[in-house]
Amino acid sequence: MNNKTKFALVDCNNFYASCERVFEPKLEGRPIVVLSNNDGCIIARSNEAKALGIKMGAPFFKVKDLVAKNDVVVKSSNYPLYGDMSSRVMKIIGEYSPVQEVYSIDESFIDLEKLPFNLMSHMQSLRRRVKSWTGIPVCVGVGSTKVLAKLANRIAKKYPRFDGVFDIDELPYERYCKLLQSVEVGDLWGVGRQSAKKLNRIGVHNSYDFYQSDVGVIETLLGVNGKRIHQELYGKSCIPIESIPPIRKQIVSSRSFGCDLKDFDELNQALTNLTRKAVNKLNNHKLSTTTITVFIYTNPHKKDKPCVHLSKTIGMTSAIQDQSQIIPLVSEVLRLIYKPGYSFYKGGLVLGNLAKNYQQQDLFSMNQNSPTQIMERKKSNTIRSVNNRFNESIKYASELGNNRWLPRADFRSSRYTTRWSELLVI
């Protein structure tokens, strides 16, 4: 039985590209790139695309010639598909440990401490099951801390001889030091770009430099988080698994429009749809909000015209979570900031100051337990339930229009797992 603190980081390989390959096996071995909203920039690449020198974040128009020359497969982002595939993968991973932290759409930490199994065999079984049941390939990094597990995952992905699973605690000390020398400090999990610049200024360029640095200096520069990362490199676990996600501080719902919008009704249509998505997230997390920020701005990439950014924040005395309250408020704020004559490139809203959903009263608010308020909440819950089951079939009148705001997605694949009309036909 293993009694030592052990973590595993399970990471999907080139997740977006892998999702596309599940339903189009002919893409296996071919270079794939996935584009951001409005088909603007490269946000995901297969290994084959990386080998061609296509950079993450590169504007698509700048690499079109390279893409065409090398027969690169181009896909628009398909978030309904990716989100559903992620849920399936994470559910399987959760069966291999009593404690799981879903860290991102394609990464999950699990706690392996005291599991009565051979851990390497256990993780190989996990890899095989995820691949067999979902078609998504994953690699597993194992270590006595989360930072070490993250490093181990890099090795598992880079070297095929480990068959996708690597335990960094089994690495001899000399080779461990060489590994740290090969990893830039900015690529160390938990060290961001700005922190890396601070470290570079004192001669800390790679992870080994960081490892060898005085912990007091690291804490002075990066605070307690930097100190924890430093200690985790020495095998001391300081960053626990968060099996219960922390409460969100805000929910942002924004979009670059498919074309620049001048008309208020078109902007209102877009903002109503984005508001409903934000409120769905709010309710899914059982949260409520007391501040709403609405913003719209013109294209910042046009050099002949200055970017105009319009925004306004309002606050409520009582927290709310009902779309029948929030959607009209967003529309009112949009009307306050809207200026005719401008072509707006992007817009959105921020629900802030979030708290767990509760019905706190104040002296001046309407009684939220009155028959009218109870009826409104029931109506909103019914609308959400129907939309969840029947694919957004009920819409607000302000959502109806010409849909010119919808983003371009010229290369989007079918939403195979979330739309009946787009099921795979064999």
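Let's start with the aromatic pairs: in this predicted model, the count comes to 19 aromatic pairs. I'd like to walk you through two of them.

The one to look at to begin with is Tyr-16 with Tyr-79. Their ring centres are 6.3 Å apart and their planes meet at 75°, which is over the 60 degrees needed, so we call this pair edge-to-face. What I like here is the sequence separation. Tyr-16 belongs to helix 1 and Tyr-79 to helix 4, residues 79-94, so the pair ties together parts that are 63 residues apart in sequence. And how do the two partners sit relative to solvent, buried or partly exposed? Tyr-16 has a relative accessible area of 16%, so with the cut-off at 20% it is buried. Tyr-79 comes out at 36%, so it counts as partly exposed. This pair also has company: ring pairs link Phe-15, Tyr-16, Tyr-79 and Tyr-82 into a cluster.

Now please turn to helix 9, residues 207-212, for Tyr-208 and Tyr-211. Here the ring centres are 6.2 Å apart with the planes at 35°, and because that angle falls between 30 and 60 degrees, the pair is tilted. The two tyrosines are three residues apart in that helix, so about one helical turn separates them. Tyr-211 has a relative accessibility of 5%, so it counts as buried.

Staying with rings for a moment, let me show you two charges. The charged end of Lys-146 sits over the ring of Phe-109, at 4.6 Å from the ring centre. Likewise, Arg-161 places its charged end over the ring of Tyr-159, 5.0 Å from the centre.

On to the pockets, and I've picked the second largest one. Its volume is about 1500 Å³. Which elements give two or more residues to its lining? They are strand 1 (7-12), helix 1 (15-23), strand 3 (42-45), helix 2 (47-51), helix 6 (146-158) and helix 7 (173-181). Helix 6 gives the most, with eight residues. In total 48 residues line this pocket, and if you go looking for its centre, the residues nearest to it are Asp-11, Lys-50, Asn-153, Arg-154 and Lys-157. By class, the lining has 22 nonpolar residues, eight polar ones and 18 charged ones.

One of those central residues, Lys-157, brings me to Asn-13, because I want you to see its neighbours. Asn-13 is in the loop between strand 1 and helix 1. Its relative accessibility is 17%, so it counts as buried. Leaving aside residues up to four places away in sequence, Asn-13 touches Ser-18, Pro-137, Val-138, Cys-139 and Lys-157.

Last topic, the backbone. Most residues other than glycine have a negative phi. Which residues go the other way here? Two examples are Asp-39, with a positive phi near 55°, and Asp-163, with a positive phi of about 55°. Both are in loops: Asp-39 is between strand 2 (32-35) and strand 3, while Asp-163 is between helix 6 and strand 8 (165-167). Their surroundings are worth a look as well. Asp-39 is buried, with a relative accessible area of 10%, whereas Asp-163 is partly exposed at 46%.

That's my tour, and thanks for listening. Do go back to the tyrosine pair in helix 1 and helix 4 when you have the model open.

Key: Residues numbered from 1 in each chain as written. Predicted model: local features only at pLDDT ≥ 70, side-chain atom pairs only at ≥ 80, totals over all residues. Heavy atoms only, no water. 1 Å grid on protein atoms, 1.4 Å probe; cavity = no way out; pocket = protein on both sides within 12 Å on 5 of 7 lines; lining within 4 Å. Points joined across faces, edges and corners; volume = space filled by probe spheres on them. Helix = DSSP H or I, 4+ residues; strand = E, 2+ residues; numbered from the N terminus. Nonpolar A, V, L, I, M, F, W, Y, C, P; charged D, E, K, R; others polar. Phe/Tyr/Trp six-rings, centres within 6.5 Å; stacked < 30°, edge-to-face > 60°. Buried < 20%, exposed > 50% of the residue type's maximum accessible area, 1.4 Å probe, protein only. Lys NZ or Arg CZ within 6 Å of the ring centre and 35° of its normal. Contact = heavy atoms within 4.5 Å.
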